[in-house]
Structures are given as C-alpha cells and as structure tokens.
Amino acid sequence: MCDINQNFPSAPHQLHNRCSPMRNTLSPSSAMSGRKRKADDDIEDERMSQSPSNSPAISSRPPPRSIQKRVRSNISGRSLPLPRLLETLSPDQMRNLLQSICQRHPDIGNEVVTTAPRPSIQSTLEVLSKYESEFQAAFPFGGSSSSDYAYNRVRQQLTELLEALKDFTPHFLPPNEQQAATSLAFLDGATDVIHRLPNWDTYQHSRHKEEAYEEMAKAWAMVIREAAKKAGGMQLLYGGWDQKIAKHNEVSGGKMQEAVNELRGGLGWMAAETPAPAAGGQADAMSIRQQLLNGSYGIGSPASIGAW
C-alpha cells in the first residue's frame with residue numbers, strides 16, 4: 001500500500017495509477033483459454049463441413065428397404081380382407097350368407113346354379129341322412145314311436161326331411177340326369193329313406209309316407225321307361241334292378257307297383273329268351289325276374305310292411 005500521507009497527487013487518476021500494480025492486458029492463462037476455444041470452434045466448423053448430411057451423393061440415397069418395412073406409421077384398426085373373413089365362417093354360416101346374397105341378387109343366384117359342381121349321389125344321400133338323423137333325435141323318450149304325441153314332437157323334422165327328398169329327387173331324373181345308372185342308384189337310396197319312416201297310428205299322419213311312396217314310384221317308372229329305350233333295357237336286366245325294384249315293392253306293401261309294371265313292359269321282350277334257372281341265389285334271382293316278366297310277382301303272398 002502507498003503512503004497516502006506523502007506526495008498527494010494533484011489528480012485522482014494519478015492516485016489510481018500509482019496505487020494499483022495491475023495492467024490493462026489479459027493474463028497468460030486467459031489468453032491460452034481463448035486460443036483453445038477458437039481452435040475447438042475451427043475443428044467443429046471443419047467437421048460440419050465434412051458431414052454426410054451436406055454431401056449431395058449421400059443425402060439423396062434412400063434408406064434400406066428393410067428399414068422402410070419396419071417403420072409403420074398411423075397403425076389403426078381395419079376390417080378383415082374378404083379371403084380371411086370367409087376362412088372364419090362355418091359351413092352353415094357360409095351357406096346362409098350365400099343364400100341371402102342370392103335371394104337379394106337373382107343374377108348371382110343364377111350364376112351359382114350354372115357354375116357350381118353337380119351334386120353327387122353320395123353327397124345328396126348324406127344330406128338326406130342328416131335330416132333323417134335330426135328326425136330320429138326329435139322323438140321323445142319312452143312311449144310309442146307311432147303315437148300322436150310322438151308325431152306332434154317330430155312333425156317339423158319330418159316335414160323338413162320330406163321336403164328335402166322332394167327337392168332332390170327331380171335333380172336325378174331325366175332329362176336333367178342323362179345316366180340311367182345314376183338315376184337308379186339315387187332312387188334306390190332315397191326309397192330306403194321312405195321305408196324307414198314310421199307307420200303312424202293315425203291314418204291322417206301316415207299320408208305323408210303314402211304320398212312319398214307315390215311320388216317315388218312315378219320317379220322309378222320314368223327312369224325305367226327312359227332306360228328301356230337305350231340298348232333295349234339291357235342295363236335294367238344285367239344291373240339287377242329288376243330284383244331291387246321288386247324288393248322295394250315288397251317292403252312298401254305294393255306301393256311301388258307302378259314301377260314294377262313299367263319294368264315288366266320294358267323287359268317283356270326278354271320273356272321268351274329267359275334261360276333256365278341256375279342253382280342257389282341265381283335261381284332265386286331268375287325266379288323273381290320270371291315272375292316280373294309274366295306278371296305273377298306278388299300274387300298269393302302277403303306284402304310285408306316296412307318296420308320302423
């Protein structure tokens with residue numbers, strides 16, 4: 001510290017200059033810090049000038065395709081595509097949906113009819129078997145299966161079965177079906193369905209079975225008549241259909257007589273050429289055939305009624 005009691009200066013700035021030893025220049029450490037910051041700034045500027053973002057060749061390059069697939073923005077719920085939706089439907093749901101669409105758009109229904117595969121004998125009989133199973137399952141436990149009470153319990157299922165039989169049968173008849181073997185095979189299985197229907201205690205309830213037999217006999221007669229026009233009815237003879245039709249007539253209690261009469265007329269020309277009966281089962285078959293041809297089949301023997 002300067003002695004303020006000596007040599008008083010004439011001006012205040014002279015006192016300051018004489019008392020403070022500091023100078024108006026930066027210290028060495030401050031100068032070094034400033035130069036270091038400037039060097040860091042120069043390096044950063046140079047690095048930024050060489051950054052890939054400023055390079056035209058690299059900035060215009062699209063990102064890899066795999067990265068683009070992984071990035072999904074704006075994800076939201078949406079309905080299923082049609083193929084996936086159809087995969088979730090059951091057969092009954094699919095059938096009801098298609099039927100509803102065809103009813104609203106008849107042109108689509110016509111296209112379905114013309115392009116759908118033809119129903120086979122097996123698939124059609126399986127459908128009838130399903131209706132028959134539902135009919136059987138509707139019967140009440142205990143009691144008589146032919147009573148009025150049982151009929152009232154199964155009437156709806158019985159009607160559905162007979163309606164299905166009525167709808168399917170014309171499909172297998174000429175001229176829609178040209179192959180007699182196909183028509184005969186279907187009628188054979190469909191007639192068995194009628195045989196298994198119960199004989200109800202009340203005649204009014206049994207009329208359904210009687211009418212089904214009547215329609216089936218007409219269908220048999222039509223097919224036999226058309227088959228007799230081809231190769232003289234040889235398919236009827238050698239296919240064993242004469243025996244099968246005779247058996248159906250026997251089980252039905254004579255309800256298939258119209259089919260038997262048509263068969264007799266179609267094979268009548270073979271009566272004189274029928275060979276002598278062979279032994280065993282062939283003898284029985286030839287005996288039935290001969291009775292059909294001479295019109296004596298079923299005479300003198302009671303007709304049996306199909307049991308439930």
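**Two pockets in a predicted model**

Let me start with the largest pocket, which is lined by Pro-91, Met-94, Arg-95, Leu-98, Gln-99, Cys-102, Val-112, Val-113, Ala-116, Pro-117, Arg-118 and Pro-119. The elements that contribute two or more residues to this lining are helix 6 (91-104) and helix 7 (106-115), and helix 6 gives the most, with six residues. This is a predicted model, in which local features need pLDDT of at least 70 and side-chain atom pairs count only at pLDDT 80 or more, while totals for chains, interfaces and linings use all residues. Residues are numbered from 1 along each chain as its sequence is written, and side-chain values use heavy atoms, with hydrogens and water left out.

On terms, a pocket is an open set of points on a 1 Å grid over the protein atoms alone, where a 1.4 Å probe fits, with protein on both sides within 12 Å along at least five of seven lines, and lining residues have an atom within 4 Å of a point. Helices are DSSP runs (H or I, at least four residues), numbered from the N terminus.

The largest pocket has a volume, meaning the space filled by probe spheres set on the points, of about 560 Å³. Its lining divides into nine nonpolar (Ala, Val, Leu, Ile, Met, Phe, Trp, Tyr, Cys and Pro), two charged (Asp, Glu, Lys and Arg) and one polar residue (the others, Gly among them).

The second largest pocket holds about 390 Å³ of space, and of the 17 residues that line it, the closest to its centre are Leu-162, Lys-166, Glu-211, Ala-212 and Glu-215. Helix 11 (203-228) and helix 9 (148-168) each supply at least two lining residues there, with the largest share, eight residues, coming from helix 11.
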